[in-house]
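Colleague: Please show me the model, so that we may discuss its helices, charged pairs and surface.

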Amino acid sequence: CDRKEAQGNMDAFLDNPQDWAYQKLQEQNGSFKKDYANANMAPKQVILSTVWGFGVIYFFGNLIYNGIQGGVLTDSFERTMELLSGDDSSGKLF
């Protein structure tokens, strides 16, 4: 097999070894051969995966950036420390 097919097989194996092994066993018994090399390579699927990937990276990048810059995470941490130390000047619990 060529490199692309080998990489597709390894990706499928690492994603779900049990299903990959079952598919290979079925192929040996005469079932159809699944094309792992070209799986999910339709242009629509590639675009959708790319958009989702950028969205996830932006979300977590923004969360980390705001946490480092003293955003929501810092305020939450300071409030938690006030509650744990009992030094609450407002008199409210929440």
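The following exchange concerns a predicted model.

Colleague: What distance does helix 2 reach from its first C-alpha to its last?
Modeller: Helix 2 runs over residues 17–28 and has twelve residues. At 1.5 Å a residue, 16 Å is expected. The distance in the model is close to that value, at 17 Å.

Colleague: Which residues of helix 2 are buried, and over what arc around the axis do they lie?
Modeller: The buried residues of helix 2 are Gln23, Lys24 and Glu27. They lie on the same side of helix 2, because the arc they cover around the axis is only 100°.

Colleague: What is included in the cover over the buried residues of helix 2?
Modeller: The buried residues in question are Gln23, Lys24 and Glu27. The face turned away from this buried side carries the exposed residues Gln18, Tyr22 and Gln28. On the buried residues themselves, the cover includes helix 1 (3–15).

Colleague: Which residue just after helix 2 takes a positive phi?
Modeller: Helix 2 comprises residues 17–28. Just after this helix, a phi of about 105° is taken by Gly30.

Colleague: With which residue does Lys24 meet in a salt bridge, and what is the N to O distance?
Modeller: The partner lies three residues apart from Lys24 in helix 2, and therefore about one helical turn separates the two. Both members of the pair are buried. The salt bridge joins Lys24 to Glu27, with an N to O distance of 3.3 Å.

Colleague: How many residues apart are Glu5 and Lys33?
Modeller: Glu5 and Lys33 form a salt bridge, with their closest N and O atoms 3.0 Å apart. This pair links distant parts of the chain: Glu5 belongs to helix 1, while Lys33 sits in the loop between helix 2 and helix 3 (43–68). Their separation along the chain is 28 residues.

Colleague: Is Lys33 buried or exposed, and at what relative accessible area?
Modeller: Its salt-bridge partner, Glu5, counts as partly exposed, at 21% relative accessibility. The cut-off for the exposed class is over 50%. Lys33 is therefore exposed, its relative accessible area being 54%.

Colleague: What accessible area does the nonpolar patch containing Trp52 have?
Modeller: Trp52 is placed in helix 3 and counts as exposed because its relative accessibility is 60%. The patch on the surface is formed by Leu48, Trp52, Val56, Phe59, Phe60, Leu63, Ile64 and Ile68. Together these residues have an accessible area of about 870 Å².

Notes
Residues are numbered from 1 along each chain as its sequence is written. This is a predicted model: local features need pLDDT of at least 70, side-chain atom pairs count only at pLDDT 80 or more; totals for chains, interfaces and linings use all residues. Side-chain values use heavy atoms; hydrogens and water are left out. Helices (H or I, at least four residues) and strands (E, at least two) are DSSP runs, numbered from the N terminus. The expected span of a helix is 1.5 Å times one less than its number of residues. Buried means under 20% relative accessible area, exposed over 50%, partly exposed in between (1.4 Å probe, protein chains only). The arc is that of the directions from the helix axis to the C-beta atoms. Contact means heavy atoms within 4.5 Å. A salt bridge is a side-chain nitrogen of Lys or Arg within 4 Å of a carboxyl oxygen of Asp or Glu. Patches are made of residues with over 30% relative accessible area and no salt bridge: like charges are joined within 9 Å, nonpolar side chains (Val, Leu, Ile, Met, Phe, Trp, Tyr) within 5 Å. Accessible areas come from the Shrake-Rupley method with a 1.4 Å probe; for residues, only the protein chains shown count as cover.
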